[in-house]
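Work through the exercises below with the model open. Try each task before reading its solution.

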Amino acid sequence: MASEESRDGGISDVTKRLRAEDHVATGVLTAIVVAILVALVAVIGYILVSGAGKAFDLHFLTSKPESFKAGGGIGPELFNSFYLLVLTLLISLPISLGAAIFLTQYAPEGPVTNIAKTAIETLSSLPSIVVGLFGMLIFVLGAGWGFSIISGALALTMFNIPILVRVIQQALEAVPRDQRDAALALGLTRWEATVHVLVPAAMPAIVTGVILSAGRVFGEAAALIYTAGQSAPALDFTNLNLASPSCPWNIFRPAETLAVHIWKINSEGVVPDLAAVSAGTAAVLMICILLFNVLARIAGRAIERRLTAE
Amino acid sequence: MNKELDEREEVAQAASSAHGGGRQPRVRSKHSIERGGLVFTGVCVGLVVILVVMLIFMVCSRGIATFVHDGISLGAFLSGTTWNPHTNGPDGQPLMGALPMICGSFAVTLLSCVISLPFALGASIFVVEVQPTFGQKVFRPMVELLTGIPSVVYGLVGLSIVVKWTSGWAGGTGYGIFSGSIVLALMILPTVTSLATDAIAAVPDSYRDGSYGLGCTRWQTILHVVLPSAMPGIVTAVIMGMTRAFGEALAVQMVIGNAAKMPTGLFTPASTLTSVLTMGMGNEAMGTVFNDVLWSLAMVLLLMSLVFILIVHLIGRKGAAKNG
Amino acid sequence: MTSTTPLLATEDVTVSYSGKEALHATSLSFERGSVTALIGPSGCGKSTFLRSLNLMNREIPGCRIGGSILYHGKDVNTRGVDTYQLRKQIGMVFQQPNPFRKSIRENIAFAPKRHGLSGKANIDALVEESLRAAALWDEVKDKLDQSAYALSGGQQQRLCIARTLAMHPDVVLMDEPCSALDPIATYSIEETIRDMAKRGICVVIVTHNMEQAARVSDKTAFFLLGDMVEFGPTPELFSRPKDKRLDDYLTGRFG
């Protein structure tokens with residue numbers, strides 16, 4: 001630094017080199033970020049543009065898929081995706097809430113908690129195909145439910161639990177400690193403090209997290225191909241016989257979802273209008289997930305406002 | 001837990017004797033509420049733990065059947081280079097070499113990490129060190145969105161863009177390890193980026209101030225001060241990315257070409273553990289030798305995932321020991 | 001429960017965190033209708049002592065309370081004690097105002113309802129009575145269903161006092177209740193404290209502000225480095241400190 005030139009008021013060669021290096025580095029970093037954003041926009045844009053024609057075609061959205069000829073729709077798949085999502089949330093939400101409360105409120109440290117944390121972390125890192133295969137062993141074959149909505153929902157539950165537990169845990173931990181202290185100092189139990197004070201206060205973050213996780217569940221396919229199956233029997237919404245395979249609400253019928261549909265028609269490759277159908281299905285899937293994202297933020301903010309202001 | 005329950009019994013007696021039962025309202029007593037909460041949440045946690053233990057146990061026990069029940073040697077399974085379970089080899093045993101798939105899985109995993117790491121690292125440096133506001137307001141939500149795109153959609157994009165493009169300049173069908181790695185690189189990019197961003201953001205500002213105070217440029221500071229201290233976190237980010245890449249099934253299966261032979265190049269069809277599982281599991285009846293071997297592949301996949309988790313744990317513990 | 005037994009007393013109470021003793025054996029007694037101030041520099045154990053009186057320290061993992069805490073002459077520092085009942089009767093107000101994220105009405109009514117209070121008329125009466133006792137009724141009576149976070153800091157703290165009074169406690173523990181407030185809000189809280197004492201409640205208040213201790217308390221205890229150094233009537237303690245360390249503290253040689 002203290003070279004001759006700098007003392008003369010000029011800038012040394014070293015400094016010049018360093019400064020140039022710094023500029024180049026910043027340029028490269030900026031280029032990388034731009035490249036990522038371009039890739040993101042390109043992927044989403046490609047999906048939406050190439051599938052837009054089909055995605056806004058009511059016939060495509062409501063009619064049943066075709067296996068060998070063109071013109072099939074995704075009606076049952078669309079219904080199945082939402083039905084599976086709702087069932088999955090119904091099962092996974094109470095379990096995750098309970099587990100998260102145990103980990104944050106009842107036993108923040110100790111051997112039981114360490115084992116549980118390791119188990120949840122393990123579950124979150126397992127490949128979803130492995131979770132699906134386990135679901136096949138237990139629910140499809142073991143319980144004898146076959147390829148069915150209930151098997152799929154339970155497999156998705158295993159996939160979703162680690163995500164939800166983490167979301168709820170973080171939301172509960174973000175509530176100031178003094179809220180819990182206040183409730184305990186009034187002679188309330190930890191359970192009451194959690195259920196009536198902490199959970200309501202954490203609700204904005206919990207709702208946002210749950211809806212975002214719903215997006216992940218909605219697009220999951222690998223855990224479903226061997227649990228909920230790869231076929232979508234035509235649904236008859238007037239049929240309320242819960243044992244009939246065409247009854248939409250029957251949880252023991254096989255149910256292909258949108259994501260599985262994309263995978264299946266592409267790997268079989270026999271539908272003549274394959275490109276159009278898969279692009280349309282992907283566009284519908286993406287639109288739903290984008291909506292989940294927007295909804296998550298709006299809902300979280302709305303609840304936050306109701307809690308604090310008014 | 002037993003001790004706690006005993007305590008609650010005693011509480012019941014103390015409560016009724018202590019301060020005159022007259023004011024005691026007729027509600028569920030506090031200790032029974034507390035016990036109910038503990039039991040409910042404990043059952044939830046127990047359920048999750050039991051499911052995970054069952055998963056590992058059942059997948060492994062089916063995977064081991066190949067070696068115990070069908071008498072196939074572990075060595076032949078792990079080192080055999082021919083996967084053709086319906087044909088018997090010269091030794092009379094079916095040809096169950098899993099090495100092509102194991103190599104394929106590692107090849108796509110490593111290559112996709114190599115491709116995505118510079119992007120992830122560059123982006124996370126940019127959003128922490130260069131443009132933090134942009135990072136929080138624009139980049140992070142975008143990356144979250146990228147995480148939310150389903151893997152089949154990545155597979156579809158790979159099929160309709162990456163495969164065609166690859167075939168255009170590299171010749172051949174375009175299916176292969178290269179296309180698989182590109183798709184996976186895109187998929188793991190958000191995971192690696194957000195974890196690396198957290199790691200870099202966790203470096204205390206005082207480190208940076210020290211470096212700037214000595215007259216270092218931003219780039220020097222990043223290179224010599226920030227990155228070295230964020231290194232454990234960055235390594236963790238990469239391994240989490242590898243975990244995801246190694247376990248991804250459908251997106252890879254759609255673009256890799258599904259030829260179960262030893263990979264000879266990046267641009268010829270190959271297969272991975274997950275792609276063979278995805279394709280094969282539906283075609284074979286339970287209990288056949290072929291089906292058993294598929295479960296052995298699943299077991300290898302499961303054990304590799306556990307190894308990745310273990311590595312992440314060890315890094316975390318080392319970091320904690322260093323800081324604590 | 002004869003009249004000679006103090007309402008609340010400690011005998012050789014110690015508190016340790018993960019085996020390290022943060023408060024050494026302390027014996028004090030607190031009378032009905034009196035205000036006792038706990039003073040001392042930060043980290044001297046006064047808050048730790050206060051938080052063991054309603055066994056709140058038990059909620060901290062690794063924390064152990066030793067010795068006896070006699071409430072109505074009965075030791076409550078036992079394994080079998082009903083902490084829920086105990087905390088109903090020994091209320092607590094915290095350093096930072098911490099109203100629940102609920103309406104003003106719910107902030108008061110929530111805990112009594114969980115303890116079995118029912119009937120709209122009963123609840124409304126309790127809400128009014130408690131808010132009046134904390135001198136907050138006139139300011140909030142028209143906006144009971146608004147969020148408690150719409151109130152100012154001083155009002156929030158008085159809401160927290162009202163919330164505690166709604167349980168009809170006979171002891172109220174206050175942990176530096178004015179440290180987050182401006183002088184006017186502080187004055188109004190001090191009024192409320194004197195009021196509570198007049199109605200027979202035993203108030204124990206931790207404060208770092210010696211003027212406040214002098215203004216509100218009948219008795220004062222001085223803590224230093226985990227020891228209770230001196231305890232006596234406030235005027236006496238401030239004008240004629242017996243212990244040299246208290247004298248040094250009062251004259252500002254440390255603290």
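**Exercise 1. Characterise the interface of chain B and chain A.**

How many salt bridges does the rule find across the interface of chain B and chain A?

Step 1. Fix the conventions. This is a predicted model, where local features need pLDDT of at least 70, side-chain atom pairs count only at pLDDT 80 or more, and totals for chains, interfaces and linings use all residues. Residues are numbered from 1 along each chain as its sequence is written, chains are lettered from A and ligands numbered from 1 in the order in which they are written, and side-chain values use heavy atoms, with hydrogens and water left out.

Step 2. Apply the rule. A salt bridge is a side-chain nitrogen of Lys or Arg within 4 Å of a carboxyl oxygen of Asp or Glu. The rule finds three between chain B and chain A. One of them joins Lys30(B) to Glu192(A), with the closest N and O atoms 2.7 Å apart.

Step 3. Locate the contributors. Helix α2 of chain B, residues 30-68, gives the most to the side that touches chain A: 19 residues. Helices here are DSSP runs (H or I, at least four residues), numbered from the N terminus.

Step 4. Sort that side of chain B by residue class. It divides into 48 nonpolar, 19 polar and seven charged residues. Nonpolar covers Ala, Val, Leu, Ile, Met, Phe, Trp, Tyr, Cys and Pro; charged covers Asp, Glu, Lys and Arg; the others, Gly among them, are polar.

Step 5. Add the area. Chain B and chain A bury about 6,700 Å² between them, and carbon and sulfur atoms give 82% of this. Buried area is the accessible area (1.4 Å probe) that two parts lose on being put together, summed over both. Glu34(B), Leu55(B) and Trp219(B) supply 8% of the area that chain B buries against chain A, more than any other three residues.

**Exercise 2. Repeat the analysis for chain A and chain C.**

Which helix of chain A gives the most to the side that touches chain C?

Step 1. Take the area. About 2,300 Å² is buried between chain A and chain C, with 58% from carbon and sulfur atoms.

Step 2. Find the charged pairs. The rule gives two salt bridges across this interface. Among them, the side chains of Asp181(A) and Arg51(C) meet at 3.4 Å, N to O.

Step 3. Rank the helices. α8 (177-185), α9 (190-219) and α11 (274-308) of chain A each supply at least two residues. α8(A) gives the most, with eight.

Step 4. Classify. This side of chain A holds 11 nonpolar, five polar and seven charged residues.
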